[in-house]
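Biologist: I'm new to reading protein models, and I'd love a close look at a single part of this one. Could you take one strand, walk me around it, and then show me what lies elsewhere in the structure?

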Amino acid sequence: MAWRFARLKLRIVRNGLLRNRARLPLAIISALVPIPIVVALFVVLSRSRHQAHPGALPALICTAMLLSWIVIPVLGYGNDDTLDPMVFALFPIGRAQLMRGMLGAALVGFGPLYTLIVLLGAVVAFTNSLVAALAAFVLTALEIVLCITVSRALTSAIGALLNSRRGRDIGVIMSMLLVVGLQIANLRLQHNVSGSGFSSSGVTRMAHLLRWVPTAILGQGFAAIATHHWAQWALAVTINLVVIGAALLWWSIALARTTTRSPDKVATQPARQPSSLFRRLPFLPHNRMGAVAARELLGFRRDPRRAAMLIPAVAIPLVWAFSLQPSATALTGAAPAFALTGIVFTNRFSANIFGVDGNAFWPHVLVGNNPYPDICGKQLAIALIISPIVAVLAIALGVVAGAYETMFVAIALIPCVLGIHLGIGAVSSARFPQPLPERGNPFGTLNGQGCANGLSAIAMLAIELLIMLPIAIALVIGVRYSTASIPITIAISYAIAFAIWRTTTQRAGAYLAPRLPELLARIDPKQA
Amino acid sequence: MTEPPRDQDHRALVIRDLTKSFGGRQAVAGINLDVTRGNFFGLVGPNGAGKTTTINMATGLLRPDAGAVWIDGVNLWADPVAAKSQIGVLPDGLRLFERLSAPELLTYHGLLRGLPESVVETRAHQLLATLDLGATGNKLVADFSHGMRKKVTLAAALLHSPRVLFLDEPFEGVDPVSARTIRSVLEQYTANGGTVVLSSHVMELVERLCSLVAIMHLGAIVASGPLDTIRNGRSLEDAFVALVGGAHDTIDMSWLGASRD
């Protein structure tokens with residue numbers, strides 16, 4: 001059974017890669033993206049023997065791997081059918097067989113391979129004899145089995161929720177929080193890395209905090225091999241065997257429950273008076289552009305795919321403001337300017353304004369060939385959502401840093417940055433529309449679409465920075481040498497931004513007008 | 001196709017030499033159709049025959065490789081805005097803006113069509129009440145059942161009172177009560193002069209509703225005309241099977257249902 005499931009998983013991975021041959025290079029790039037991290041972790045682990053506390057790094061890395069095995073399958077649910085026990089519910093397969101099969105499938109793919117490579121770093125670091133190597137391989141195998149059983153037990157336990165709309169909504173928010181969390185972790189890590197390697201104090205403190213976690217005990221077990229503390233190694237093996245047993249039991253119970261009940265129904269609110277599209281948005285024009293803006297604004301409230309795109313717009317400027325300062329303890333006068341980067345980081349949405357609609361966009365194709373009000377409506381919605389957020393961020397950072405002058409300049413520049421950003425986004429959306437998958441993690445797929453979306457957003461970012469650079473330089477010079485020039489620079493910036501917004505948006509509309517059926521085909525989620 | 005067909009004043013839909021291929025596979029192979037006004041026209045065929053592709057091309061949702069479509073005398077691909085203002089569509093797949101309630105969705109469709117908001121409100125209220133969706137309140141379309149989604153899409157398609165209504169499998173997954181409601185709405189629509197182009201593989205339904213029928217198979221029209229002519233004294237299903245089916249009758253599957261030894 002394990003072999004059959006493994007072949008099924010191989011077929012799924014293969015079909016995902018080959019579905020769109022044009023995207024195959026992007027799919028390969030996506031699969032190879034973790035390699036630098038994997039190699040770095042391998043190298044760090046292989047040198048951990050010479051640290052003051054040799055068990056600390058293996059303990060941390062083993063725990064981090066378990067966390068990633070828990071989080072990534074939950075986020076990728078829907079992309080891999082072997083994760084969903086409901087798919088096999090009608091087959092005459094016993095629970096034990098199903099578990100063996102799912103374990104077999106879990107061992108196929110890039111995840112287990114990368115886990116193995118990282119753990120081989122510990123094997124290299126702490127072994128100098130055949131017996132030690134065997135003992136290290138036992139710990140490696142235990143870590144992999146533990147990761148897989150806990151991961152599959154969790155996805156089976158919450159499978160019904162993950163199949164529901166509410167579950168997918170939670171998954172979307174979680175995935176974006178993960179992206180932002182990784183960014184924050186990366187910045188924190190940079191503080192902890194010295195020229196010769198990791199600062200051992202932070203790692204040791206973290207390892208000490210986690211010392212009772214089974215994976216941390218397992219990581220310490222690697223160091224115990226080198227010092228011939230076989231009792232500690234045996235304890236690590238025993239504890240993790242017990243945890244694996246408990247996870248298998250949990251998995252078995254979860255499978256029985258998940259495969260014999262219907263998916264969670266989403267509780268609906270009792271019927272109230274039917275609401276008009278503009279009930280809470282009376283200030284919008286009651287026309288096509290206003291209707292599009294109203295639907296988008298309602299979408300930001302009701303659709304987590306849209307809401308999730310706002311998380312980086314809030315989190316990344318704050319992280320940057322606190323991380324990229326000369327002093328780690330105080331904000332400087334430039335801090336409020338970081339708020340403006342929040343506009344740029346809505347690019348997941350603004351660089352692909354039609355992608356999130358998918359083939360629900362068909363009514364727009366059906367009503368004629370004038371997408372200009374649709375583009376303007378979507379831009380208006382983004383502007384109405386992001387402007388207050390950026391203004392509040394700028395005020396907060398300005399007050400904390402006491403940089404009121406920069407704060408006012410940043411607030412004055414919001415329409416200017418928005419104009420450039422939305423204009424470039426309109427061109428990107430018209431020329432390079434990208435589909436987003438309907439199920440699971442909408443930001444990554446098996447066929448390179450996630451990579452294509454990322455590249456499109458990065459390209460947009462680069463073009464915007466290039467356009468904004470002269471404005472930024474002129475403002476910095478103004479702040480330093482002649483504050484009287486700042487209003488003039490801002491006024492010129494407004495004129496440039498308006499010209500860019502108007503030209504690019506009109507060109508995007510004119511480009512799309514005769515190509516709406518093609519746009520509809522390109523944003524079809526089946527292409528994702 | 002540069003010349004529009006002559007004498008089309010009584011025809012709501014004219015299709016000439018419509019062709020579409022996907023990756024070398026011909027989905028629609030140069031079909032021709034004429035549908036007179038005020039009729040129920042049934043486009044039937046097995047799965048994969050090209051019905052949905054034909055409807056998507058006839059409504060402007062998919063660009064054909066060749067051929068032309070006239071809606072009420074207007075060339076769809078030459079003057080899409082004028083032609084599209086005459087049609088309503090219930091498409092296959094039912095992708096909708098999921099995070100809107102039914103009234104919000106209809107308001108949205110109405111404003112996209114350029115209807116005054118007061119008109120949209122009145123018509124939306126009447127359509128939702130007629131289609132038993134009046135009590136859905138603020139429930140989002142994402143939480144609708146399949147039948148409810150069909151009905152709200154039909155309401156959106158009727159909102160601007162189109163001249164031609166294209167329905168792709170309108171009764172698939174719809175309960176009998178809702179199906180009867182939809183039928184009565186459609187009958188009222190054709191009685192007032194509207195034309196319905198209906199794609200389905202449910203022969204009984206087509207037989208009950210349609211006066212004109214075309215049978216499609218492997219991307220081509222294999223028979224077309226008044227229902228009685230196509231049936232030729234048989235049931236529509238028998239006529240259909242005689243034209244497109246029967247290939248699997250000779251395969252021996254005696255193991256099916258036999259004891260497992």
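Modeller: Happily; here is a walk around one strand of chain B, followed by a second sheet and the contact between the chains. Please keep in mind that this is a predicted model.

Let's begin with strand β7 of chain B, which covers residues 164–168. How many of its residues are buried? The count is 5 of 5, so the strand is mostly covered, taking a residue as buried if 20 or more other C-beta atoms lie within 10 Å of its own. In a regular strand the side chains alternate between the two faces of the sheet. For β7(B), V164(B), F166(B) and D168(B) sit on one side, while L165(B) and L167(B) sit on the other, and both faces are covered.

Now look at the partners of this strand. Strands of a sheet pair through backbone hydrogen bonds, either parallel or antiparallel. Strand β6 of chain B, residues 87–90, runs parallel to β7(B) and is joined to it by 4 bridges. You can find one pairing yourself: V89(B) has F166(B) as its bridge partner. Strand β8 of chain B, residues 195–200, is also parallel to β7(B), with 5 bridges between them. Here L167(B) stands opposite L198(B). To get from β7(B) to β8(B), the chain passes through helix α6 of chain B, residues 176–191, and this β-α-β crossover is right-handed.

Chain B also has an open sheet of 4 strands, in the order β2-β1-β4-β5, and its pairing is antiparallel. At its edges are β2(B), residues 25–36, and β5(B), residues 74–75, each pairing on one side only. Helix α1 of chain B, residues 51–58, packs on this sheet and touches β1(B), β2(B) and β4(B). The direction of this helix makes about 120° with that of β1(B). At the β5(B) edge, 2 bridges link that strand to β4(B), residues 66–71, and the two run antiparallel. One residue pair to look up there is W70(B) with its bridge partner N75(B).

Finally, let's step back to where the two chains meet. The contact draws 33 residues from chain A and 35 from chain B. On the chain A side, α13 (288–302), α18 (362–366) and α23 (516–522) each supply at least two residues. Of the elements there, α13(A) gives the most, with 6 residues. By type, the chain A side divides into 14 nonpolar, 12 polar and 7 charged residues.

How values were computed
Residues are numbered from 1 along each chain as its sequence is written. Chains are lettered from A and ligands numbered from 1 in the order in which they are written. This is a predicted model: local features need pLDDT of at least 70, side-chain atom pairs count only at pLDDT 80 or more; totals for chains, interfaces and linings use all residues. Two residues are in contact if their C-beta atoms, placed from the backbone, lie within 7 Å. Ala, Val, Leu, Ile, Met, Phe, Trp, Tyr, Cys and Pro count as nonpolar, Asp, Glu, Lys and Arg as charged, and the others, Gly among them, as polar. Two strands pair if DSSP finds at least two bridges between them. Axes are lines fitted to C-alpha atoms, for helices over the stretch in contact, and angles run from 0 to 180 degrees between N-to-C directions. A residue is buried if 20 or more other C-beta atoms lie within 10 Å of its own, exposed if 12 or fewer, and partly exposed in between; C-beta atoms are placed from the backbone. A crossover is right-handed if, with the strands pointing away from the viewer, the path from the first strand over the helix to the second runs clockwise.
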